[in-house]
Amino acid sequence: MKDQTSMRSVLFNAYYWVLSIVYGLSAALSALLPGRKPVAFALRLYSQRMLWALAFFADVKVELKGRENLPDGPFIIAAKHHSWGDGFVMFAHIDNLSFVTGDHLERFPLVGAILKKFGAIVVDSCGGPEAREALSKSAAQVAAEGRRILIYPEGHLAAPGERFRYRTGVYHMSKDFGLPVVPVATNLGCFWKQTEKLKTPGTATVEFLPPLPQGLEKAEFMARMEAAIEGRTNELIAQARGEAVKPSVLVEWNGRKNVVSAPTAATANLLPMGEGFQPPAGS
């Protein structure tokens with residue numbers, strides 16, 4: 001069985017790179033055409049083909065839940081980032097979508113031109129006031145055009161059971177432009193972990209959760225968003241692994257991954273959020 005899984009992964013990985021090269025060139029050529037629609041079409045088709053290949057070659061199927069929680073018109077998707085596969089799910093299923101990304105992607109050949117034509121919101125990966133200002137300026141144009149915005153609040157790929165500190169950019173975008181925020185939970189990392197080559201067969205879940213209440217102060221907004229995403233993600237991970245729900249471990253990235261805190265009673269707020277949820281003191 002292990003040999004079969006490894007072979008399936010090899011086949012998918014080969015298809016992944018071939019498809020990425022073909023559609024990368026297609027998107028680059030589409031960027032020469034007027035408007036963003038040709039590039040958006042190429043990226044959506046690429047994402048759909050990739051999800052098909054993930055199911056066909058690697059035997060990893062993706063179940064999408066909670067579509068009824070998506071508002072009409074523009075909104076912000078604040079998603080857990082487990083895997084390279086996360087973005088494929090979003091671009092394959094959500095119309096008129098833009099996304100926030102670090103400027104590290106511009107180092108790849110042709111990618112910078114594609115991102116610019118697509119209308120991606122590119123910010124300094126190092127953060128700081130300049131990144132906040134660039135995020136606000138770029139997001140203003142995207143919001144004015146009525147597009148949806150995908151952002152990963154942690155800013156890093158997190159392994160299942162781990163979390164990074166949530167950044168406040170999503171709060172500022174929501175406040176500045178009056179956009180509802182839809183949290184997204186997932187257990188895709190149990191089947192396609194971060195950037196790893198080996199895939200685990202099974203059915204992954206990506207779930208859109210109810211939008212956060214609008215008008216919240218920053219501390220409460222951030223606490224609610226993190227509790228919603230981490231709580232439901234922890235549930236989905238437990239379902240995939242057939243084990244009890246566990247709080248996620250807080251880690252930091254300073255050139256390498258460091259565990260900041262192990263799961264304790266103090267992290268119980270990151271279990272599933274109920275109606276009586278209260279943000280932790282001092283948040």
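This passage describes the aromatic pairs of a predicted model and the surroundings of one arginine, Arg148.

A search of the whole structure gave 16 aromatic pairs. One of them joins Tyr46 and Phe88 in an edge-to-face arrangement, with 5.4 Å from centre to centre and 90° between the planes. The two residues come from distant parts of the chain, 42 residues apart. Tyr46 belongs to helix H2 (residues 37-56), and Phe88 belongs to helix H3 (residues 85-93). Both Tyr46 and Phe88 are buried.

A second edge-to-face pair is formed by Phe56 and Phe57, with a centre-to-centre distance of 5.0 Å and an angle of 85° between the planes. Phe57 has a relative accessible area of 18%, and because buried means under 20%, Phe57 counts as buried.

Tyr46 and Phe88 also take part in an aromatic cluster. The other members of this cluster are Phe12, Tyr16, Trp17, Tyr23, Trp84 and Trp192.

Arg148 is located in strand E5 (residues 148-151). Arg148 is buried but has no salt bridge. The nearest side chain of opposite charge belongs to Asp95, at 5.5 Å; a salt bridge requires a side-chain nitrogen of Lys or Arg within 4 Å of a carboxyl oxygen of Asp or Glu. Two backbone oxygens were found beside polar atoms of the Arg148 side chain: that of Gly73 at 3.0 Å and that of Asp95 at 3.2 Å. Leaving aside residues up to four places away in sequence, Arg148 touches Pro71, Gly73, Pro74 and Phe75, as well as Ile94, Asp95, Asn96, Leu97 and Ser98.

Key. Residues numbered from 1 in each chain as written. Predicted model: local features only at pLDDT ≥ 70, side-chain atom pairs only at ≥ 80, totals over all residues. Heavy atoms only, no water. Phe/Tyr/Trp six-rings, centres within 6.5 Å; stacked < 30°, edge-to-face > 60°. Helix = DSSP H or I, 4+ residues; strand = E, 2+ residues; numbered from the N terminus. Buried < 20%, exposed > 50% of the residue type's maximum accessible area, 1.4 Å probe, protein only. Lys, Arg positive; Asp, Glu negative; His and termini not counted. Polar contact = N/O pair within 3.5 Å; in protein donor to acceptor, adjacent residues only side chain to side chain. Contact = heavy atoms within 4.5 Å.
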